[in-house]
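Reader: I should be grateful for a close look at one part of this structure. Please treat the chosen part in a connected way, suitable for a first-year student.

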Amino acid sequence: MARRRLVNMAHLITQTGLTLSSLTNVAAAGTYVSREIYDLNTADSVAFYYGATSLTGTPGTLQLSLLERDPVSGAFATQTDMPAFASIAATVANLRTPSTATLWQPQGECYKLQWILTTFTAATFYCVAVVTQSGG
Amino acid sequence: MSVDPMGMPALYAPPRNGPSRTTTGRVIWEESYLNNMVGTFNDGIGSAHLDWDVIAPGGGPSVRLDNQGVTATPTFTGGNVQLVLGGSPQTITTSSNSTLVGTSAATGSPTGALNYAGLATGYITVTSTSATVGNWATTDGNSYVMSYTSYVVSGGANAWVVTFSGVNILPLPQTYGLPTPTLTTANVGTGLLNINNPNPNPTGAPQPTVSVVHKRRINDQFSGVFGAETWFRPTSVSSATSGASVFAHRLYNRNGVNYYGATAYPQFAQGFLRGGATWSNDNVLLWVSTGTGTSGAGCQFIPVAFSVGAFGQHSWDPVGTGAGTSSQWDKAGCWNYSKIIVNMTGTLGAGYWVSYQWNDIVYPLAPLPMYYCPDTGAKIMHFSTEHGFQGTNRQFVNVAHMVGTNE
């Protein structure tokens, strides 16, 4: 029987579990990464739900992407078979990747979510993975 | 309808069906992780995640406590001071009532750290951590814990002298040479004396901003005697390093006014030259918490025993981030069993330690009070395993089969 569980992808390394929230605040334009996320490696498939509840400043973009760790070198890199996140230019909810017709099965042991805020000066967004796994 | 009879464990205790080294306790809850799910939660930084590469004793995955590089260097200190061995070489026994001299080139006076919760008494640990004879504070290369009955501080800035009186070897279990251990000081002027608390130490209460705090919570307001069990292995390269590795096992509760916590802290890298031939520094000195203060500070750690075993060997660290050079691929590792038992009975939860078990040995501790401090946080009993580290070499450890018991 398949079971589903949630993983907050926008969880910073230094953020304690007690302060974790569904919404993540970005206070300045730039590139950010989450903590290392190992919670996808028992998944049969994963879908990401994401959106932005506020964007501040001159219009720009908020771009999410996934990084996968090479288990020997420890380096994080984008692989070509990863889900594609839509570029966000205005507040939006209910986005999901991959699409309904595609199941994405993680190949790696460890991931990070990266978010790049361009031109905008602040943003509030969310990104949660719904992990589907069987057996156990 | 059946009612869970907390006061009648003998009648209702089910047989233990999980891996355990204990002989007591009715299981309240257990985390086996066999269903691929993690019911425990990390309140701290970094991550506590399912690890299918490091399989627990008895099967199934373990949970990796990984700080992900967040160091606890500014935090995990307190109640300790390090001095340089002074005076002349001398022999100390369990009843010699010796006078021992230590010096400090620090600007500030060591008096604050010596005033161990207002007591004139305390502990002096000589930890032999290097195979180099010139670094040993004892001629035999063995680590010892001594006790003292009083001290006098003299001198001034950058030239402090501390004179301890009534110094004896504390005959802890597995001290080398028991029942009549004798140490002779060596390398005066370079050998190190660690006074009172170990440094680093996990303090008397969880520190979630600098460590992984991996826990299960059960509502109970100090109704009886409880146990907390876990299996534990140092996993990464450098995860059992002298003066850098901090793994803590805690059982604690709050009543809306105070926090009461029992913390067990295995301090790694204690050196011994056993059999007169083979020196190694992967033994452990076990400490437990008592005293009072604020937010974990003011904790007095009490030395319980040396433990002989292989604690700093056989790492699993494919990236090799700990050493920064080569990776380690030992999935089996070296597992340890830890069990805290405390009596929490009392309207204000003025509880005390009953015993601490580390692997094959149970150490009776009653009636040693648990550490306590003012705390209006969640009024619930917590069973936690925690990990922090100091320095720059990333460390992680694994835990498995955490169990809460009613004793």
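My request concerns chain A: among its contacts between residues at least 6 apart in sequence, what percentage join residues at least 24 apart?

Author: The model is a predicted one, and every value below is computed from it. For chain A the figure you ask for is 83%, counted among contacts between residues at least 6 apart in sequence.

The elements of the chain form the background to this figure. Chain A holds nine strands and zero helices. Read from the N terminus, its elements therefore run as β-β-β-β-β-β-β-β-β, where a strand is a DSSP run of at least two residues.

The overall dimensions may be considered next. The C-alpha trace of chain A spans about 50 × 35 × 35 Å along its principal axes. Its radius of gyration is 15 Å, which agrees with the value near 14 Å for a compact globule of 136 residues.

Burial and surface follow. In chain A, 48% of the 136 residues count as buried, the cut-off being a relative accessible area under 20%. The chain exposes about 6,400 Å², and carbon and sulfur atoms supply 55% of that area. As for charge, chain A carries 7 positive and 7 negative charges, and their mean positions lie 9 Å apart.

A general remark helps in reading what comes next. In soluble globular proteins, nonpolar side chains tend to be buried together.

In this model, the largest nonpolar core has 63 residues, of which Leu251(B), Trp353(B) and Tyr356(B) touch the most other members. Strand β17 of chain B, residues 258-274, gives the largest share of this core, with eight residues. A second, separate core of 29 residues includes Leu62(A), Phe85(A), Trp104(A) and Leu113(A), and with these residues we return to chain A.

For contrast, one residue of the largest core may be examined in chain B. Leaving aside neighbours within four places in sequence, the contacts of Leu251(B) include Phe226(B), Tyr260(B), Ile340(B), Met344(B) and Phe383(B).

Chain B also offers two details of the backbone that a student may wish to find. Asn187(B), in the loop between β12 and β13, has a positive phi of about 55° although it is not a glycine. Asn196(B), placed in strand β13, likewise has a positive phi, near 65°. Their surroundings may be set side by side: Asn187(B) is partly exposed, with a relative accessible area of 27%, whereas Asn196(B) is buried, with a value of 1%.

Conventions:
Residues numbered from 1 in each chain as written. Chains lettered and ligands numbered in written order. Predicted model: local features only at pLDDT ≥ 70, side-chain atom pairs only at ≥ 80, totals over all residues. Heavy atoms only, no water. Helix = DSSP H or I, 4+ residues; strand = E, 2+ residues; numbered from the N terminus. Rg over C-alpha atoms; globule rule 2.2 N^0.38 Å. Buried < 20%, exposed > 50% of the residue type's maximum accessible area, 1.4 Å probe, protein only. Contact = heavy atoms within 4.5 Å. Areas by Shrake-Rupley, 256 points an atom, 1.4 Å probe, with all protein chains shown as cover. Lys, Arg positive; Asp, Glu negative; His and termini not counted. Charge placed at Lys NZ, Arg CZ, Asp CG, Glu CD. Core = buried A, V, L, I, M, F, W, Y, C linked by side-chain atoms within 4.5 Å.
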